[in-house]
Amino acid sequence: MTSKVSKKKTTASPKREFSADEIVENISNAILEHRLVPGTKLGEDRLATIYGTNRPRIREVLARLSHEQVVELIPQRGAFVAKPTVEQARDVFEARRTVEPGVLERLARHFDEEKYRRLEDHLAHEEEARRTNDKHAVVRLSGEFHTLLAELAGNSLLIRAMKELSTLTCLTISLYDAPTAMSCRVDEHRQIVEAVKAKDLPLARKLMLAHLAHIEDSLELTNESEGIDLESVLG
């Protein structure tokens, strides 16, 4: 008797479906790291394929990012990574000059060794990224430093404001400066932390304002990048 060997069909494992929160975080990180530049088209079908999800979920994601002003929804054209104008860029820094001294003041009032340790850990990650010349990580960590200050200050509205302002700042730098420019210097971050630890608020405020001025003064108009491959950036 001849035995028949059954052939099993091999099928590729379905791609894990990402939640809306995960997609928002992934796209936001790509913007923070300057992997997605202003003006990049975010096609619903392509994003749905990349994240193994459906278009309604992608629309939800894009609506949330639009609410945070990092994505622009244009009727009949679709969604694009926001392109801040020069005036909007200046507005972002004006807002940061208003918000961040308040963050430092609140943080200093509630500062302790645990918060100092978390800031030290973050600064160590920044230094390691610079040592290994990981430019994407340097840019992302620089923005996250300011968000961490707000998180440790313990005010949910300040945290939300700083997340949005940090992302908008990254878009601004990506558009008006070389994407690999390291405008946020780790020594400036460390000086701010030490001033807060010492509860020297006048010095902390002065250092923060000088830090923001240093970033803003580094901006210059450059040609925007084109032809971004969403699959390679977000996949």
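Helices, in what follows, are DSSP runs of H or I with at least four residues, and strands are runs of E with at least two, numbered from the N terminus. The expected span of a helix is 1.5 Å times one less than its number of residues.

Good morning. The model before you is predicted: local features need pLDDT of at least 70, side-chain atom pairs count only at pLDDT 80 or more, and totals for chains, interfaces and linings use all residues. Residues are numbered from 1 along each chain as its sequence is written, and side-chain values use heavy atoms, leaving out hydrogens and water.

I begin with helix α3. Its 13 residues, 55-67, reach 18 Å from the first C-alpha to the last, close to the 18 Å expected at 1.5 Å a residue.

Which residues of α3 are buried, that is, under 20% relative accessible area with a 1.4 Å probe and protein chains only? They are I58, V61, L62 and L65. These residues lie on the same side of α3, because they cover an arc of only 95° around the axis, taken from the directions from the helix axis to the C-beta atoms. An α-helix has 3.6 residues a turn, so residues three or four places apart point the same way.

The face turned away from that buried side carries P56 and H67, both exposed, meaning over 50%. Among the elements covering the buried residues of α3 are α1 (20-32) and β1 (71-74), where contact means heavy atoms within 4.5 Å.

Let me turn to the ends of α3. N54 caps the N-terminal end, with a side-chain oxygen 2.9 Å from the backbone nitrogen of R57. Just after α3, Q69 takes a positive phi of about 70°.

Conventions:
Polar contact = N/O pair within 3.5 Å; in protein donor to acceptor, adjacent residues only side chain to side chain.
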